[in-house]
Amino acid sequence: METAPKPGRGVPPKKDKLQAKSKKRRRYWEEETDPTTAGASPGPTPNKKRNRQFRPQRPKNACIPKKSRISKKPQLPKKPREWKNPDPQRSLSGAQDPFPGPAPIPVEVAQKFCRIDKSKKLPHSKPKTRSRLEVAEAEEEETSVKAARSELLLAEEPGFLEGEDGEDTAKIRQADIVEAVDIASAAKHFDLNLRQFGPYRLNYSRTGRHLAFGGRRGHVAALDWVTKRLMCEINVMEAVRDIRFLHSEALLAVAQNRWLHIYDNQGIELHCIRRCDRVTRLEFLPFHFLLATASETGFLTYLDVSVGKIVAALNARAGRLDVMTQNPYNAVIHLGHSNGTVSLWSPAMKEPLAKILCHRGGVRAVTVDSTGTYMATSGLDHQLKIFDLRGTFEPLSARTLPQGAGHLSFSQRGLLVVGMGDVVNIWAGQGKASPPSLEKPYLTHRLSGHVHGLQFCPFEDVLGVGHSGGITSMLVPGAAEPNFDGLESNPYRSRKQRQEWEVKALLEKVPAELICLDPRALAEVDIISLEQQKKERIERLGYDPEAKAPFQPKPKQKGRSSTANLVKRKRKVMDKEHRDKVRQSLQEQQQHKQEKAKPMGTWPSALDRFVH
């Protein structure tokens, strides 16, 4: 009977399954490596894997000599691996990129976003601290380059109004501007005829999308002024003195005749704060969640809207307070008084941070620009002045107006609007960081009633004016910042995005105690307080815990730690320290004599270089 032949006895082994699979094909951009197939037509490359073959098995008891671990050749130190530059990256077509790497950034553009002055050398500090500073500098440099590269995404540019052939722009009317702009911009100019409940105070939200206004006869309304969609409209049956949006357009603070009331965007009253009574002006600090109120009784009150508690109630001791504004740079409140002074307040201090004498008569209006550099004031002496707030508090320019200005406001780009009776004048400067020029007005507009409130709309070239006849929305080219930060103030955010932003803003809330004139001082070390704390600690403990410990010699063996030897080593160290102090004092005395011997006001001599 025939049996099936066993494998390995004259029967060829079966082909490996790996060979049966489809072989890898060469792409048209890959070069041929096999010289024998250079002239052949392109086809599948041969499989580089070797076929499995049967190898003879070793006997079990066979002795396999082990390799010696000691190498016969002398061992040389290994050279570091050299990374070869790869070939220039090619595209699928085989062409080389003529502009490899990222696009270069001009030094001037990157310097604009740089916040660290590299001209100053790093202080001599510990290596760990120095390495951290170097890492911070490297990260800041990378961030400035990224910001300069992303500046190309800011497609919008600020516009401006220019006259033809020396034409005075103050003579250009709003109707002419509406005819020249597109349909979307022309729709932003409108008039609300509300003579029945005027005069009106108004306020725009931080995103610039919503508008709230309140009339002296109790009319309160809020709307999306871009789409003209009304959010709420109520009559509180009481005089409304001021109105403000809180951190979002969902909450509204209204200063009524007696108390302060909080409403939501549907007109439902949420709170009635009776501790804030007879309020005349309102200001909201968005980064601190503080609502500042000025009252007829002369009190400046700070209300924390996140927890509903009054942080501070300060008595200004200047009578009725009806002129108030905030500095957006440092959140300091500016109050105008009837004696012609402007006082600067912080909730951390019971006394004003500074007092500025601005006018001979009472102050009627105060405003501060977005950079916190310039302050504009107007008084009963018909003077309009611009002050520098960078530590000098001196007037930069002044102008006498035909009638006193009752309302002032700065735009995001530094334009100054002045409301005088039923006339609105706008002055412009050279740019955002320069003060407005008071020589010639930029735009002029006459209203149907006396001005009662002014504010520029954020991120829109629009000026909202509340007067006795209603609300007027004016077009002011070049007034607003054209590009907005979508993570901070997004006019097109949804309800979910607004809720997430509120949570993040509450987590990043700045404490009220940190409000001061110079916010940069918070990053500096208070040396005076540090020394005072050190003295108090020494008095409390009876010794200085940070003082240098006396020298204690280490014990030695073989009888070298005798009492006489220890005293001798201690005395040697003490003598060395004493010699160093004497040498240092002699050098200081010599330098003092040289400075005293050199006559003052003489020209330097060429021989001075040899003086030591």
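Me: In S13, which residue is the bridge partner of Phe299?

Reply: This is a predicted model, and in it Phe299 has Asn315 of S13 as its bridge partner. In general, the strands of a sheet are paired through hydrogen bonds of the backbone, in either a parallel or an antiparallel sense. Here strand S12, residues 299-304, pairs with S13 in the antiparallel sense, and six bridges hold that pairing.

Me: In what order do the strands of the open sheet with S12 and S13 stand?

Reply: The order is S10-S11-S12-S13, four strands with antiparallel pairing. Strand S10 (279-285) and strand S13 (309-315) each have a single partner strand, so they stand at the edges and one side of each is left without a neighbour in the sheet. From one strand to the next, the twist averages 20°.

Me: Which strands form the open sheet that contains S28, and which of them are at its edges?

Reply: The order there is S1-S28-S27-S26, again an open sheet of four strands with antiparallel pairing. The edge strands are S1 and strand S26 (451-456), each of which pairs on one side only. The twist in this sheet averages 15° from one strand to the next.

Me: How many bridges join S28 to strand S27, and how many to strand S1?

Reply: Strand S27 (residues 462-467) is joined to S28 by six bridges and runs antiparallel to it, while strand S1 (residues 190-193) pairs with S28 over four bridges, also in the antiparallel sense. Individual positions can be followed along both pairings: Asp191 stands opposite Thr472 in S28, Gly464 has Ser473 as its bridge partner, and Val462 stands opposite Leu475. A hairpin of two residues joins S27 to S28.

Me: Why can strand S28 be described as largely enclosed by the rest of the structure?

Reply: The argument rests on burial, for which the cut-off is under 20% relative accessible area. Six of the six residues of strand S28 (residues 470-475) are buried, so the strand is largely enclosed by the rest of the structure. As background for the whole protein, 34% of its 612 residues count as buried.

Me: How many aromatic pairs does the structure hold, and why is the pair of Tyr204 and Trp225 called edge-to-face?

Reply: The structure holds five aromatic pairs. The ring centres of Tyr204 and Trp225 are 6.2 Å apart and their planes stand at 75°, so this pair is edge-to-face, given that planes over 60 degrees apart count as such. The pair links distant parts of the chain, since Tyr204 belongs to strand S2 (residues 200-204) and Trp225 to the loop between strand S4 (219-224) and strand S5 (229-235), 21 residues apart. Both Tyr204 and Trp225 are buried. Elsewhere, ring pairs link Phe459, Phe484 and Tyr492 into a cluster.

Me: Where does the charged end of Arg493 sit, and what lies over the face of Trp259?

Reply: The charged end of Arg493 sits over the ring of Trp501, at 5.0 Å from its centre, and Arg274 lies over the face of Trp259, 4.5 Å from the ring centre.

Me: What does UniProt place at residues 356-390, and how much of that stretch is strand?

Reply: An unreviewed UniProt entry places the feature "repeat: WD" at these residues. In the model, residues 356-390 are 57% strand and 0% helix, with the end C-alpha atoms 13 Å apart. The protein as a whole has eight helices and 28 strands.

Methods: Residues numbered from 1 in each chain as written. Predicted model: local features only at pLDDT ≥ 70, side-chain atom pairs only at ≥ 80, totals over all residues. Heavy atoms only, no water. Pairing = 2+ DSSP bridges. Axes fitted to C-alpha atoms, helices over the stretch in contact; angles between N-to-C directions. UniProt positions renumbered as here; feature names shortened; annotations may be inferred. Phe/Tyr/Trp six-rings, centres within 6.5 Å; stacked < 30°, edge-to-face > 60°. Buried < 20%, exposed > 50% of the residue type's maximum accessible area, 1.4 Å probe, protein only. Lys NZ or Arg CZ within 6 Å of the ring centre and 35° of its normal.
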